[in-house]
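Q: I'm new to reading protein models, and I'd love a close look at just one part of this one. Could you go slowly and tie the pieces together for me?

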Amino acid sequence: MSILRSLLKELQERLEAETPSPSAADVAEAAESERLNVTLPGGVMGQLKQHALREGRSCSSLASFLIEDGLRRHHSLV
């Protein structure tokens with residue numbers, strides 16, 4: 001058997017032996033953090049943007065902090 005055929009056969013065997021890649025749902029389920037899409041009224045979004053700019057952070061980072069802080073204040077988080 002030629003070297004190229006031997007290498008091709010070895011590569012095919014390795015590819016067949018690999019486990020399939022996890023689906024997006026599997027990855028999301030296993031993640032410690034999850035993504036959430038939220039629609040905000042224009043005025044609230046404007047306030048969020050201004051506040052984030054003042055603090056030098058992204059809107060998503062500030063929104064995440066505010067949600068966690070609100071839940072803690074209502075004793076929903078341990």
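Let's start with one side chain: is Arg-72 buried, partly exposed or exposed, and what is its relative accessible area?

A: Before we zoom in, keep in mind that this is a predicted model. Arg-72 is partly exposed, at 46% relative accessible area. That label applies because 46% sits between the two cut-offs, with buried meaning under 20% and exposed meaning over 50%.

Now let's see who Arg-72 pairs up with. Its side chain meets that of Glu-68 in a salt bridge, at 3.4 Å from N to O. Arg-72 and Glu-68 both sit in helix α4, 4 residues apart, or about one turn of the helix. Glu-68 is partly exposed too, at 36% relative accessible area.

Helix α4 holds another pair like this. Asp-69 and Arg-73 form a salt bridge of 2.7 Å, N to O, and they also lie 4 residues apart in α4, about one turn of the helix. The accessibility labels differ here: Asp-69 is partly exposed at 21%, while Arg-73 counts as exposed at 61%. Asp-69 misses the buried label because that would take a value under 20%.

The structure holds 3 salt bridges in total. Besides the two in α4, there is one between Arg-57 and Glu-55, where the closest N and O atoms are 3.0 Å apart. Arg-57 is partly exposed at 30%, and so is Glu-55 at 41%. Glu-55 is where helix α3 (42–55) ends, and α4 (59–73) begins a little further along the chain.

Back to α4, which has a nonpolar side to its story as well. Leu-71, right beside Arg-72 in the numbering, lies in this helix and is partly exposed at 35% relative accessibility. Leu-71 belongs to a nonpolar surface patch of about 520 Å², which it makes together with Leu-36, Val-38, Leu-40, Val-44 and Ile-67. One partner, Val-38, comes from the loop between α2 (24–30) and α3. Val-38 is exposed, with a relative accessible area of 53%. Its C-alpha atom is 9.9 Å from that of Ala-63, although these two residues are 25 positions apart along the chain.

Ala-63 brings us to a pocket. The largest one has a volume of about 630 Å³. It is lined by 17 residues, and the closest to its centre are Leu-36, Ser-60, Ala-63, Ser-64 and Ile-67. Leu-36 and Ile-67 are names you have just met in the nonpolar patch. Helices α3 and α4 each supply at least two lining residues, but α4 gives the most, with 7. The lining as a whole is a mix of 9 nonpolar, 4 polar and 4 charged residues.

Finally, let's step back to see where α4 fits. The protein chain has 4 helices and 0 strands, so reading along the sequence gives the pattern α-α-α-α. Of its 78 residues, 4% count as buried. The chain exposes about 7400 Å², with carbon and sulfur atoms supplying 56% of that area.

If you'd like a route for your own tour, begin at Arg-72 and find its salt bridge with Glu-68. Next, look for the bridge between Asp-69 and Arg-73. Then move to Leu-71 and follow the nonpolar patch over to Val-38. End at the largest pocket, with Ala-63 and Ser-64 among the residues closest to its centre.

Note on methods: Residues are numbered from 1 along each chain as its sequence is written. This is a predicted model: local features need pLDDT of at least 70, side-chain atom pairs count only at pLDDT 80 or more; totals for chains, interfaces and linings use all residues. Side-chain values use heavy atoms; hydrogens and water are left out. On a 1 Å grid over the protein atoms alone, a cavity is a set of points where a 1.4 Å probe fits but cannot get out, and a pocket is an open set with protein on both sides within 12 Å along at least five of seven lines; lining residues have an atom within 4 Å of a point. Grid points are joined across faces, edges and corners, and a volume is the space filled by probe spheres set on the points. Ala, Val, Leu, Ile, Met, Phe, Trp, Tyr, Cys and Pro count as nonpolar, Asp, Glu, Lys and Arg as charged, and the others, Gly among them, as polar. Patches are made of residues with over 30% relative accessible area and no salt bridge: like charges are joined within 9 Å, nonpolar side chains (Val, Leu, Ile, Met, Phe, Trp, Tyr) within 5 Å. Accessible areas come from the Shrake-Rupley method with a 1.4 Å probe; for residues, only the protein chains shown count as cover. A salt bridge is a side-chain nitrogen of Lys or Arg within 4 Å of a carboxyl oxygen of Asp or Glu. Buried means under 20% relative accessible area, exposed over 50%, partly exposed in between (1.4 Å probe, protein chains only).
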